[in-house]
Amino acid sequence: MTTETLIRPADETVAKPLLSIAGLQVRYGRTHAVRGIDLDIMPGESVAILGESGSGKSVTGKAVMGLINSPGKVGGSVEFDGMQLVGRSEAALRAVRGPGIAMVFQDSLDALNPVFSIGNQIIEIFTVRLGWSRRQARDEAIRLMLQVGIVNPESRLDDYPHQFSGGMRQRICIAMAIALKPRLLIADEPTTALDVTVQAGILKLISQLQRDSGMALLFVTHDLAVARQVARKLVVMYAGRVVERGPINAVFHRTAHPYTRALLGSNPGSVKHWSELKPIAGNPPDKSAVFTGCAFAPRCPRAVRMCSDREPDFVTVADGRQSRCHFAQEMFDGR
Amino acid sequence: MATQSLTLTPPRRRIAADSRLGLLLRSPVALLSALVLVFLLLVAVIGAPLLQDLANTQNLRLRFFHPFSLERGWAYVLGADALGRPMLAQLIVGARTSFLVAGATVALAATIGTTLGMVSGYIGGVMDAALMRISDIIVTVPSLLLALSVLFVLEPSIVNLILVLAVARLPIYLRVSRAQTLEIRERVFVEASRALGKGAGSIIWRDIRPLVVPTVMTVAMLEIASVMLAAAGLSFLGVGLQRPDVDWGTIVSEGREYLTRAWWATVFPGLAILITALAANLLSNWMRASGDPLQAAVMGATASREEAARP
Amino acid sequence: MAADTMARTSVLKVEKLTKHFGQVTALDAIDFEVAEGEILAVVGESGSGKSTLARTILRLLDASSGRILYRGKDLLGLSAGGMRATRRHIQMIFQDPYASLHPRRTVFELVSEPWRVHASVAPRREWPHRVAALLEQVGLPQSYASLYPARLSGGERQRVAIARALALRPDLLILDEPVSALDVSIQAQVIKLLMTLQQEIGFTSIFISHDLALVRLIADKVIVMNRGRIVEQGPTQAIFDYPRDDYTRLLLASSPELGEETTAEKQEA
């Protein structure tokens, strides 16, 4: 497993994580969107959060960004570069957003203001946040648009969001996100609304920007194959909890959690004929459900009585590989 | 076969939809509103025939008799008006007429307006354009003026009053139901119905109507109060109801002249309209919410699924 | 798989089908044929015209010109009443089960509704028994009959939509992205169900999808559409292994496959 050693274990012991999430919880009344997750992201690292709808993956991204609005309640700790973000004032968070953490959303049409031209929206970032002159800001906006692959940026500055295609709009959103050179980029399903041919380009762009600028990436997705294209590390979420994590290829080659294995088995790309598909029985759990044991137990082919009685702790099955399953080691060893 | 793995465990959250009555009992405001309305209706239906004569009995010695005194018997407990007629008896008799006029007007206008609105919205074309123009015209002419001129020509009677008011209030239902139909028409389940082979009539009646009716009901409940007031205005101008027929509106307008000397002759019938309108309003709100399976699930004790929150 | 299809009877034959929306040509002289028992996949991206094609075949949209021959009979020549009667044989399953089921109708009402429209198929006294059989067939418990769609998950709703489409024992089933609104784990459930039913019942289907990985697993033949035109069509194997058109190649290359090396790894090298 060469991929495991690629995580630079030597650095990890000395270097401090850029983002450190500990015991993060997000609740909306009786609904638990995130039920306590721990996650560290090192500077320059690319991490994918993989999960189905309702797993809490998107809410995690928003919580890091401080975007959970009332009546949502955030508990636990989110430390960015040593600074605690949970419970911070809006003003303090604003200082972090942009140069610290930036975000790209799924729906690019929603993320841009329809009544201002693209140019205005990019230029404003520099004039307002950095106090630049309009001319200087305009030059930088053009440079950014070129960087994200928009042809003839000068002539498109005055166009409005609806005049761009979905893919181009998402490129503009990416440009705005990286404008202040963030140290962490959170991308929340940025290609889900796009066609495959367009998606490929956006994924390539994100990977390239991440590698060139050395920023860290937290990529939220429901698509295994997409996660694999942009991230080096994988975090699998189920029912508001992290169930498995490790280097992405290592996880795919040798799963240590029944849920991850089942997800792979139900992916059409992994088999040759439909009859080989192995769907996960049942439905994802209700967010208001209370679990005494493992949340996946009701749908798990391996579940025994213990699984619904007691929630498993994280088991380290190999260097950098953890799984929240009573049978993690057995699964990993192929038993 | 994959059926083995496809078998679903029936989860605990799937409790059969609560009955409407059960939901009503659990909502104190809606329950109170319903009780008030039922009480007023019962009083009107049972009490009015018994008190018809008493309500119109004049007794000038009891002019402006003060309320809250049992000296002259319970009929005078809310005082008497300028001609010494007992307020309570008048209110009870007036209740019947008010409910009859308002109820019939609203029912008529809502039924015709909604039907036309749905057909017009779903089918569109020339009929839609024509109906909308007619409705524009009705809206432009002040409804009071319209009713006034029609009733001036026709004989003022309860039936004519209802017909005229119904025509004047028709555009509201027409527009509300048409606007909703235009939106529903574009939804996928209507397309699915067409793919199934359903005709326009069936789609309007079975797919669109159940979604339009709750909104119309809310509007109709709100309209009850306005119709009561409109009827009162007409009575005041002398083309509405004439004694011995009397409704709450008539009593208010008659009492208004003596507002400074006998507040009770205006305030009590006014309160009756206010309470009815308020109860109708609160109940209509609750009806709209509970008629929706999504909201009913939230209102009931069962937790709604995450998907239930989707629009 | 598709080698013997030439000999089979044609269920649907589309000739020079064209559809304009104002100035825009949504379908440009579409020609194809589906044989009995076959699964034909129509692949394309948004704006390719694949959904318009499905709706035009069912006459939910009016065609501008061309012919749609269902078992030799031109659907475009039918009267409105004739078309309504023919719809019994051609059913459609829509992409979003949140939108395609009437929110105020119980599962029982939804599944039995087709018989209300086509009264000759099942007399009313048989409805409870038939609904029960259909629910079992799509893997839903009997207790769901009294529930409203809002209480069901996405996968369960799509099962209801399938039961409803099967209620009329259709000859041809048009599936418009039937799983793309569902979670990955649920997609596999529904696909397996559809394919199992297809094997049992033997209906012919047109499967509209943007998901190439999925199409590869289930289709006999594939049509690739781009901007209202068919750019390539042929047996699934041939299209995937030896694509001839540039757009088909681009589509295949862009589709993220699990087998391939990650971009991150490539960049590392």
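In the predicted model, B:Val36 is in contact with B:Ile275 and B:Ala279, neighbours within four places in sequence being left aside. B:Val36 belongs to helix α3 of chain B, which covers residues 28-55. Its relative accessible area is 25%. B:Val36 therefore counts as partly exposed, since that class lies between the limits of 20% and 50%. B:Val36 and B:Arg194 are 158 residues apart along the chain. Their C-alpha atoms are separated by 44 Å.

A second position in chain B, B:Asp128, falls in the buried class. Its relative accessible area is 10%, and the cut-off for burial is under 20%. B:Asp128 is located in helix α5, residues 125-140 of chain B. With neighbours within four places in sequence set aside, B:Asp128 is in contact with B:Ser120, B:Gly121 and B:Arg178.

Both residues sit in a chain built from helices, with 12 helices and 0 strands in chain B. Along the sequence the pattern reads α-α-α-α-α-α-α-α-α-α-α-α. Chain B has 311 residues, of which 50% count as buried. Among its contacts with a separation of 6 or more, 69% involve residues 24 or more positions apart. The exposed area of chain B is about 15100 Å². Carbon and sulfur atoms supply 69% of that area.

Chain B also contributes to the largest cavity, which has a volume of about 110 Å³. The count of cavities of 30 Å³ or more comes to 10. Residues of chains B and C line the largest one. From chain B come B:Ala192, B:Ala195 and B:Leu196. The lining residues from chain C include C:Gln91, C:Met92, C:Ile93 and C:Phe94. C:Ser100, C:Ala161, C:Arg164 and C:Ala165 also belong to the lining. Three elements each supply at least two lining residues: α8 (188-196) of chain B, β6 (90-93) of chain C and α6 (154-166) of chain C.

Chain C also holds an open sheet of 4 strands. The strand order is β2-β1-β4-β5, and the pairing is antiparallel. β2 (24-35) and β5 (73-74) of chain C stand at the edges. Each has a single partner strand, so one side of each is left without a neighbour in the sheet. Strand β1 of chain C, residues 10-21, pairs with β2(C) over 8 bridges in the antiparallel sense. Within this pair, C:His20 has C:Thr25 in β2(C) as its bridge partner. Helix α1 of chain C (residues 50-57) packs on the sheet. This helix touches β1, β2 and β4 (65-70) of chain C. The direction of α1 makes about 65° with that of β2(C).

Elsewhere in chain C, β9 (residues 221-226) and β10 (residues 229-235) run antiparallel and are joined by 6 bridges. C:Ile223 has C:Gln233 in β10(C) as its bridge partner. The hairpin of β9(C) and β10(C) has 2 residues between the strands. In this hairpin C:Arg227 takes a positive phi near 45°.

Chain A likewise has an open sheet of 4 strands, in the order β2-β1-β4-β5 and with antiparallel pairing. The edge positions are taken by β2 (31-41) and β5 (83-84) of chain A. One side of each edge strand has no neighbour in the sheet, because each has a single partner strand. β1 of chain A (residues 19-28) and β2(A) pair over 8 bridges, in the antiparallel sense. A:Arg27 stands opposite A:His32 in β2(A). Helix α3 of chain A, residues 57-65, packs on this sheet and touches β1, β2 and β4 (72-80) of chain A. Its direction makes about 110° with that of β1(A).

A hairpin is also found in chain A, where β11 (residues 315-318) and β12 (residues 321-323) pair in the antiparallel sense over 3 bridges. A:Thr316 has A:Gln322 in β12(A) as its bridge partner. Between the strands lie 2 residues, and in this hairpin A:Gly320 takes a positive phi near 75°.

Helix α13 of chain A spans residues 258-265. Because 7 of its 8 residues are buried, this helix is largely enclosed by the rest of the structure. The buried residues are A:Pro258, A:Tyr259, A:Thr260, A:Ala262, A:Leu263, A:Leu264 and A:Gly265.

Technical notes
Residues are numbered from 1 along each chain as its sequence is written. Chains are lettered from A and ligands numbered from 1 in the order in which they are written. This is a predicted model: local features need pLDDT of at least 70, side-chain atom pairs count only at pLDDT 80 or more; totals for chains, interfaces and linings use all residues. Side-chain values use heavy atoms; hydrogens and water are left out. Two strands pair if DSSP finds at least two bridges between them. Contact means heavy atoms within 4.5 Å. Axes are lines fitted to C-alpha atoms, for helices over the stretch in contact, and angles run from 0 to 180 degrees between N-to-C directions. Buried means under 20% relative accessible area, exposed over 50%, partly exposed in between (1.4 Å probe, protein chains only). Accessible areas come from the Shrake-Rupley method with a 1.4 Å probe; for residues, only the protein chains shown count as cover. On a 1 Å grid over the protein atoms alone, a cavity is a set of points where a 1.4 Å probe fits but cannot get out, and a pocket is an open set with protein on both sides within 12 Å along at least five of seven lines; lining residues have an atom within 4 Å of a point. Grid points are joined across faces, edges and corners, and a volume is the space filled by probe spheres set on the points.
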